[in-house]
Amino acid sequence: MPGDVSIRFVTRQDYAKWLPLWDGYNAFYERTGPTALDPAITAMTWARFFDAYEPVHALVAERDGELLGLVHYLFHRSTTAIEPTIYLQDLFTSETARGKGVGRALINGVYEQARLAGSPRVYWFTFNTNHTAMQLYDKVAEKTGIVVYRKVF
């Protein structure tokens with residue numbers, strides 16, 4: 001990754017540059033058109049990043065004033081640790097940034113936040129068809145083999 005890419009917390013002034021990345025992330029997961037997120041969800045997600053009472057955080061990758069990627073994560077309690085656990089919920093890089101170490105840098109940014117918080121674990125999910133991302137994930141984390149079940153109401 002070029003040394004001129006920085007990982008930093010998102011700021012309120014980043015909204016116009018963050019939104020296209022967020023829209024790209026949602027499009028990747030086919031949340032567009034009739035399955036698009038309600039704009040109220042996007043607004044609430046953005047607001048949570050700046051609410052001190054919320055455990056939701058956002059980092060961005062930036063080069064020369066351009067946002068190249070985003071990562072959203074949240075702290076939560078666990079029954080198997082005293083310290084908080086981090087769930088890395090969203091990771092996305094622009095097409096022009098792919099394959100250049102930006103995704104790895106964003107993950108490492110979350111790892112640094114985990115270290116600072118004394119968190120023993122960072123984890124995330126991806127679809128088993130997301131082979132491109134899994135090439136990176138296999139290098140930076142351990143695949144657990146856990147199967148996820150859910151019920152949507």
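Where does Val148 lie relative to helix 4? Val148 belongs to the segment after helix 4. The views below come from a predicted model.

**View 1. A nonpolar surface patch includes Val148.** Three residues make up the patch: Phe125, Ile146 and Val148. Together they present about 320 Å² of accessible area. Val148 sits in the segment that follows helix 4.

**View 2. The largest nonpolar core holds 22 residues.** Five of its members touch the most other members: Leu88, Ile107, Val110, Val122 and Trp124. Several elements each supply at least two residues of this core. The strands are strand 2 (56-63), strand 3 (66-78) and strand 4 (81-93). The helices are helix 3 (102-117) and helix 4 (131-140). Which helix gives the most to this core? Helix 3 does, with six residues.

**View 3. Leu88 and what it touches.** Residues up to four places away in sequence are not counted here. Leu88 touches Val71, His72 and Tyr73. Leu88 also touches Ile107 and Val110. Val122, Tyr123 and Trp124 complete the list. Apart from the largest core lies another core, of 15 residues. Tyr25, Val56, Ala58 and Leu67 are among the residues of that other core.

**View 4. Helix 4 has a buried side and an exposed face.** Ala133, Met134, Tyr137 and Val140 are buried in helix 4. Why do the buried residues line one face of the helix? Seen down the axis of helix 4, they fall within an arc of 125°, so they line one face. Strand 4 and helix 3 are included in what covers them. The face turned away from the buried side carries exposed residues: His131, Thr132, Gln135 and Lys139.

**View 5. Gln135, an exposed residue of helix 4.** Gln135 is found in helix 4. Its relative accessible area is 54%. The cut-off for exposed is over 50%, so Gln135 counts as exposed. Gln135 and Ala58 are 77 residues apart in sequence. In space they are 23 Å apart, C-alpha to C-alpha.

**View 6. Asp14 and Arg8 meet in a salt bridge.** The N to O distance between their side chains is 2.7 Å. Is Asp14 buried or exposed? Asp14 counts as buried, at 6% relative accessibility. Arg8 counts as partly exposed, at 21% relative accessibility. The cut-off for buried is under 20%, so Arg8 falls outside the buried class.

**View 7. Glu112 and Arg115 form a salt bridge within helix 3.** The side chains meet at 3.3 Å, N to O. The two residues are three residues apart in helix 3, so about one helical turn separates them. Glu112 counts as partly exposed, at 33% relative accessibility. Arg115 counts as exposed, at 57%. Side chains of opposite charge can pair when their charged atoms come close.

**View 8. Asp138 and Lys143 meet in a salt bridge.** Their side chains are 3.9 Å apart, N to O. The salt-bridge cut-off is within 4 Å, so this pair is counted. Asp138 is partly exposed, with a relative accessible area of 47%. Lys143 counts as exposed, at 58% relative accessibility. Elsewhere, salt bridges that share partners join Arg8, Asp14 and Glu62 into one network. How many salt bridges are there? The count comes to five.

**View 9. Gln113 is a buried residue of helix 3.** The relative accessible area of Gln113 is 18%. Neighbours within four places in sequence are left aside. Gln113 is then in contact with Phe9, Leu59, Tyr73, Phe75 and Ile86.

**View 10. Ala117 is a partly exposed residue of helix 3.** The relative accessible area of Ala117 is 35%. Which residues are in contact with Ala117, leaving aside neighbours within four places in sequence? They are Phe75 and Pro84. Ala117 and Glu83 are 34 residues apart in sequence. The C-alpha to C-alpha separation of Ala117 and Glu83 is 8.0 Å.

Technical notes. Residues numbered from 1 in each chain as written. Predicted model: local features only at pLDDT ≥ 70, side-chain atom pairs only at ≥ 80, totals over all residues. Heavy atoms only, no water. Core = buried A, V, L, I, M, F, W, Y, C linked by side-chain atoms within 4.5 Å. Buried < 20%, exposed > 50% of the residue type's maximum accessible area, 1.4 Å probe, protein only. Helix = DSSP H or I, 4+ residues; strand = E, 2+ residues; numbered from the N terminus. Contact = heavy atoms within 4.5 Å. Patch = residues over 30% accessible without salt bridge, like charges linked within 9 Å, V, L, I, M, F, W, Y side chains within 5 Å. Areas by Shrake-Rupley, 256 points an atom, 1.4 Å probe, with all protein chains shown as cover. Arc of directions from axis to C-beta.
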